[in-house]
Amino acid sequence: LAGLCRTCEIFQAKALVVSDASVAKDPDFGTISVSASSWMPIEEVDREDVGGWLQTMRREGGWSLVGLEQTDESISLPCFTWP
């Protein structure tokens with residue numbers, strides 16, 4: 001998750017959403033996330049509530065849901081047309 005925190009920083013995300021925000025208190029999290037953990041807001045959403053939370057963000061926040069993966073058939077992010 002600390003690496004994901006750094007990725008959020010790169011993509012200028014508004015927050016990192018995790019199921020347990022206390023993970024950010026782990027000293028290793030701060031070490032791996034470098035400076036990102038100092039300013040990146042971390043929000044907590046229970047695993048059971050993620051689906052509903054995402055739908056609310058899509059409906060009320062104007063979000064688009066995009067899944068990222070890395071496979072041999074993946075589209076490079078610089079080549080991807082964002083919604």
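**A friendly note on pockets and surface**

1. I10 is a good place to start: this residue is exposed, with a relative accessible area of 64%, in what is a predicted model. Exposed here stands for a relative accessible area over 50%, so I10 at 64% qualifies. In the fold, I10 belongs to helix 1.

2. I10 also has partners on the outside. Together with F11, V66, L68, L77 and W82, I10 makes a nonpolar surface patch of about 610 Å². If you are viewing the structure, colouring these six side chains will bring the patch into view.

3. Helix 1 has another residue to look at, C8. Is C8 buried or exposed? With a relative accessibility of 12%, C8 counts as buried, because the cut-off for buried is under 20%. Thus helix 1 holds both C8 and I10, the former buried and the latter exposed.

4. Now for the overall layout. The chain contains 4 helices and 2 strands, and along the sequence these follow the pattern α-β-α-α-β-α. The C-alpha trace spans about 35 × 30 × 20 Å along its principal axes. Of the 83 residues, 14% count as buried, and C8 is one that meets the criterion.

5. Where does the lining of the largest pocket come from? Helix 1 (2-10), strand 1 (16-18) and helix 4 (50-61) each give at least two residues to this lining, with the largest share, 4 residues, coming from helix 4. The volume of the pocket is about 1,200 Å³.

6. The lining of this largest pocket comprises 27 residues, and those nearest the pocket centre are C8, A13, A15, W63 and V66. Sorted by class, the lining has 20 nonpolar, 4 polar and 3 charged residues. The buried residue C8 is therefore among the residues nearest the centre of the largest pocket.

7. The second largest pocket has a volume of about 300 Å³. Its lining is made up of V66, G67, L68, E69, Q70, S74, I75, L77, F80 and W82, which by class gives 6 nonpolar, 3 polar and 1 charged residues. Several names will be familiar: V66, L68, L77 and W82 line this pocket and also take part in the nonpolar surface patch. V66 is additionally one of the residues nearest the centre of the largest pocket.

8. One last pair links the two pockets. C8, from the largest pocket, and E69, from the second largest, are 61 residues apart in sequence and 15 Å apart in space, C-alpha to C-alpha.

Terms used
Residues are numbered from 1 along each chain as its sequence is written. This is a predicted model: local features need pLDDT of at least 70, side-chain atom pairs count only at pLDDT 80 or more; totals for chains, interfaces and linings use all residues. Side-chain values use heavy atoms; hydrogens and water are left out. On a 1 Å grid over the protein atoms alone, a cavity is a set of points where a 1.4 Å probe fits but cannot get out, and a pocket is an open set with protein on both sides within 12 Å along at least five of seven lines; lining residues have an atom within 4 Å of a point. Grid points are joined across faces, edges and corners, and a volume is the space filled by probe spheres set on the points. Ala, Val, Leu, Ile, Met, Phe, Trp, Tyr, Cys and Pro count as nonpolar, Asp, Glu, Lys and Arg as charged, and the others, Gly among them, as polar. Patches are made of residues with over 30% relative accessible area and no salt bridge: like charges are joined within 9 Å, nonpolar side chains (Val, Leu, Ile, Met, Phe, Trp, Tyr) within 5 Å. Accessible areas come from the Shrake-Rupley method with a 1.4 Å probe; for residues, only the protein chains shown count as cover. A salt bridge is a side-chain nitrogen of Lys or Arg within 4 Å of a carboxyl oxygen of Asp or Glu. Buried means under 20% relative accessible area, exposed over 50%, partly exposed in between (1.4 Å probe, protein chains only).
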